Amino acid sequence: MKLTPILVGAFTLALATSASAQTLTIATVNNGDMVRMQALSPAFTEETGIELNWVVLEENTLRQNVTTDIATNGGQYDVMTIGTYEAPIWAKQGWLTPLDALSADAEYDVDDILPPIREGLSFEGKLYAAPFYGESSFIMYRKDLMEKAGLEMPEAPTWEFIGEAARAMTDRSADINGICLRGKAGWGENMAFLTAMSNSFGARWFDENWAPQFNTPEWKSTLDTYLSLMADAGPSGASSNGFNENLTLFQQGKCGMWIDATVAASFVTNPDDSTVADQVGFALAPDNGLGKRGNWLWAWSLAIPNSSQNKEAAEQFINWATNKDYLALVAEQEGWANVPPGTRTSLYENPDYQAAAPFAKMTLDSINAANPAEPTVQPVPYTGVQFVAIPEFAGIATNVGQLFSAALAGQISADDALAQAQDAATRDMTRAGYIK
Amino acid sequence: MARNVPASTRIGFTALAWIIALILFSPILWVLLTAFKTEAEAIANTPTFFPQNFTLENFGAVQARSDYIKHATNSIIVSVGSTLIGLVIGIPAAWAMAFAPTKRTKDVLMWMLSTKMMPAVGVLIPIYLIFRDLRLLDTVHGLTIIMTLINLPIIIWMLYTYFKEIPVDILEASRMDGAELWNEIVHVLVPMAVPGIASTLLLNVILAWNEAFWTITLTSGRAGTLTAFISSFSSPQGLFLAKLSAASLLAIAPILLMGWFSQKQLVRGLTFGAVK
Amino acid sequence: MATAQTRTLSRVMMAPAVIVLLIWMIVPLVMTLWFSFQNYSLINPMMTGFAGWANYVYVIGDPSFTQALVNTLILVGGVLAITVVGGVLLAMLLDQPIWGQGLLRIIVISPFFVMPPVAALIWKNGFMHPGYGMLGHLWKFFGLQPVDWFNQYPLFSVIVIVAWQWLPFATLILLTAIQSLSEEQREAAEMDGANALNRFRYIILPHMARAITIVILIQTIFLLGIFAEIRVTTGGGPGYASTNITFLVFRTGILSNDIGAGSAGGVVAVIIANIVAIFLMRAVGKNLDA
């Protein structure tokens, strides 16, 4: 075994390096903006002497790892990337450190953060996570195909118009689908889209007594509209398409319209990746004349778990990654179109940004149009637009998402999917003690 | 195997075997080729076979995001380390079971194998809590311990089936010559057992290398292995098939090369006593 | 032949392995059993206290439980069928006098070295996606509508991926077994004038019986816990079409952060695995004079 000495050496080395002082372990998602942050982070280390240890994971794995860690007080991470769903819930459990120093820092200018997003990341008036980038959802469409179909996209279309346009734009022989929507099961995948969509149909997850509402006509009409739209004008294999797959389809020119996260705008208009970069138009998410649009609100944000041993350094890092200078740094290195969007009012007032990002105004309008406190037409006992801010939601919505995905794949009927969703949600809400 | 067969039959069998082999190999071939394509070419509507614009860009991009050497080193330490420890514990046990069997030997063996049937997801939280309290989270040695435990049953079973094939009379004869027990092991048993041990080592290094549940859940930044490395490249925003392929290629290359070069040794002992 | 001295010695030699595995089995099992009777949710600290059988009732009452059970058996059975039948055929083919045997063996064994998440990613993105997968392109080349594998045949797709990974393993073991068939045995059979089919049935197959048993036993241990492939490709869906017991436990325990129910699911999974194991031993154990 000639390997043994090498092995022992490597072993000792691995032990030794893990003991160095000021090192922050940062867990984040492998989205483009975060990968860019990682690439720029040597500047932070240079400035402060604080070493960074990056854990960049695919979204689902990241979520599972950070949840397990924070709930068991594992202490593996100093900075965690979480969303507007987790922030208030975890803050309420006392798992997160409030970002008091950041909020007090005049230079950081916490008031500059877009109000709906700041609201979503706060608990009892204190900020618990700093937004890295924020998003709503809107319609991205192909101007050329819209023109070919003889239609014109209004700035704020209705579902009826979207249905008509999607069917008119579809050309199966040319491999063009009128509309691409999320179908992949998951609370952050198809359920984010469908929950936001259901709001514009006047549906809600729970009534004031926490009784699930999937047996209501509002949900039925939401699901029916979605399914028939996808059957007539959607791509094949839609039930395994998430954000990613749809982005690829759209960039390849296979989608007439795509309703999804506003951050996608900079990808589909980037000529390096997108074959349709110069033909993309934007419009607000559709409505049904009920006063609510089908757009969501989300912000990937940085937070400090209470189990961190390096809270001060962690807050320093969060400051660096989410302040105005960071935006300027990205703009300087990669251009204004690539700065992380959706977090600061000052960015949207910046003429350079407005010039570089034709979707800026539409993004801001979409974000401001989302109201987590009153997500839908009828009153609800919860907050959150495309989610319900209770700990059990992720589990329940994953389950329901599977059922709706099966309906999209044609395995079960819409009625069966809704009935089973109602049963599953009731079962879980009863177990969690909401339904007595 | 010098059997006389007509040339036409031989050509037929050769062609058939190669076609099947290439079909089985095609997914790996796809990774190999896509890793050197540009992103645009990788998802082109008309697929190309060979990269038209051969590029190494993807590997650079992958390395810039995630330190390959660190993850590969961890993978090597964990897979080789756990297997070596497993051999140290397993060889005596297998030796004892093979040469001094009792009525219960078979039951003990089956019980050992049954510990592998515990689904990892079911015991994640207990293990996580133990690891937290013993400060083993995100450590290479913690991961090595888990891998040792997971593969120990297979190690013992493989060694046992191999040792059993060693004719006992040789041992008895050497004992009558008055050889010491130690000599017996070193000079008689070991040379005969080496192929079996080598093949056990190789198989378990492969199994540990490819383990993808504990390696991801119990590590964060420092002890992450190549399975954690690949997890940071799956489904990001945008498909990035070429980068994913480059990362995949990097993740499987070491074990693939090891497997190819040691294939003869691996196969020689990979019989589990199935060959009489 | 076993004297008192050797018996003591062999106990000493077995002790470390037995003790280590006992701890490895008992500690997590006891903790899992304990949690399975507790109200314990990672994300809801309000859920505490003794739960009685509630967690078990909840897990077994899961609408997907029966399907997950059936899927587990189909998955294990399907992969075993493909790898054993395919492995026997492939091993016999590789045993023929063919050119490039050494290289062929290296190529055929390769999929076994690919880690499950990578294998799943390759198949998902490179081959099975109807839009940009190679199979889609192949179908289009022949003028057919590309198949949407993970939606239309979710469980079958997972079986294909897993079988691809394990076929080399089966082939290798079976090939070694065939090659150990002595030349005399073959010649004797040929001289008897036995035709190819009879030779296969009465000489080769019985000779391989032990090897087949081993393949089934080892693979079953690994196949009962198939997880990464499902998580990466179908996520257990659409609906519950590709949810097996392991994935169900993952969904209840980890995705929903419900440790109580997840632990109950883990205990149920262990019981099922042991039932399968007992059946397996009964069915094939005769070939295994361990």
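**Figure 1. Close-up of B:Arg135, a residue with positive phi in a loop of chain B.** In this predicted model, B:Arg135 counts as exposed because 10 C-beta neighbours lie inside 10 Å, and a residue is exposed if 12 or fewer other C-beta atoms lie within that distance. B:Arg135 sits in the loop between α6 (120–133) and α7 of chain B. Its phi is near 55°, a positive value in a residue other than glycine.

**Figure 2. Close-up of A:Asp109, a residue of chain A that is not a glycine but has a positive phi.** The phi of A:Asp109 is about 60°, and the residue is found in the loop that runs between α6 (100–104) and α7 (115–120) of chain A. A:Asp109 has 13 C-beta neighbours inside 10 Å and therefore counts as partly exposed, the class that lies between the exposed residues, with 12 or fewer such neighbours, and the buried ones, with 20 or more.

**Figure 3. Surroundings of A:Ser137 in strand β6 (residues 130–142) of chain A.** A:Ser137 is buried, because 31 other C-beta atoms lie within 10 Å, and 20 or more are needed for that class. When residues up to four places away in sequence are left out, the residues that A:Ser137 touches are A:Ala196, A:Ile259, A:Asp260, A:Ala261, A:Thr262, A:Ala285, A:Asn295, A:Trp296 and A:Ser366. A:Ala355, by contrast, is given here as a point of reference: its C-alpha atom is separated by 21 Å from that of A:Ser137, and the two residues are 218 residues apart along the chain.

**Figure 4. The contact between domain 1 and domain 2 of chain A.** The domain assignment places residues 17–128 + 297–360 of chain A in domain 1 and residues 136–296 + 374–431 in domain 2, and the C-alpha centres of these domains lie 28 Å apart. Where the domains meet, 11 residues of domain 1 are in contact with 12 residues of domain 2. On the side of domain 1 of chain A that touches domain 2, α5 (86–93) and β10 (297–303) each supply at least two residues, and the residues of this side divide into 9 nonpolar, 2 polar and no charged.

**Figure 5. The contact between chain A and chain B.** This contact takes 34 residues from chain A and 29 residues from chain B. On the side of chain A that touches chain B, at least two residues each are supplied by α1 (3–17), β1 (23–29), α2 (32–40), β2 (51–57), α4 (59–71) and α12 (243–251) of chain A. Sorted by residue class, this side of chain A holds 16 nonpolar, 16 polar and 2 charged residues.

**Figure 6. Chain B and the contact between its domain 1 and domain 2.** Chain B has 13 helices and 0 strands, and buried residues make up 54% of its 276 residues. Of the contacts in chain B with a separation of 6 or more, 79% join residues that are 24 or more positions apart. The chain is divided into domain 1 (7–57) and domain 2 (60–269), whose centres, taken over C-alpha atoms, are separated by 31 Å. In the contact between them, 11 residues of domain 1 meet 10 residues of domain 2. The elements of chain B that give two or more residues to the domain 1 side are α1 and α2 (39–42), with α1(B) providing the largest share, 3 residues. The residues of this side divide into 6 nonpolar, 2 polar and 3 charged.

**Figure 7. The contact between chain B and chain C.** Here 77 residues of chain B are in contact with 77 residues of chain C. Helix α1 (residues 7–34) of chain B contributes 15 residues, the largest share of the side of chain B that touches chain C. That side of chain B comprises 59 nonpolar, 14 polar and 4 charged residues.

**Figure 8. Packing of helix α7 (residues 140–164) of chain B and helix α1 (residues 4–36) of chain C.** The two helices pack at an angle of about 135°, and their axes are 10 Å apart. α7(B) and α1(C) are therefore oblique to each other, and α7(B) passes α1(C) in a left-handed crossing. The contact is made by B:Leu149, B:Leu152, B:Pro153 and B:Ile156 of α7(B), together with C:Ala17, C:Val20, C:Leu21 and C:Trp24 of α1(C). The residues of this contact divide into 8 nonpolar, no polar and no charged.

Methods: Residues are numbered from 1 along each chain as its sequence is written. Chains are lettered from A and ligands numbered from 1 in the order in which they are written. This is a predicted model: local features need pLDDT of at least 70, side-chain atom pairs count only at pLDDT 80 or more; totals for chains, interfaces and linings use all residues. Helices (H or I, at least four residues) and strands (E, at least two) are DSSP runs, numbered from the N terminus. Two residues are in contact if their C-beta atoms, placed from the backbone, lie within 7 Å. Ala, Val, Leu, Ile, Met, Phe, Trp, Tyr, Cys and Pro count as nonpolar, Asp, Glu, Lys and Arg as charged, and the others, Gly among them, as polar. Domain bounds come from an automatic or database domain assignment. Axes are lines fitted to C-alpha atoms, for helices over the stretch in contact, and angles run from 0 to 180 degrees between N-to-C directions. Angles under 35 degrees count as roughly parallel, over 145 as roughly antiparallel, 65 to 115 as roughly perpendicular and the rest as oblique. A crossing is left-handed if the near helix is turned anticlockwise from the far one by less than a right angle, and right-handed if clockwise.
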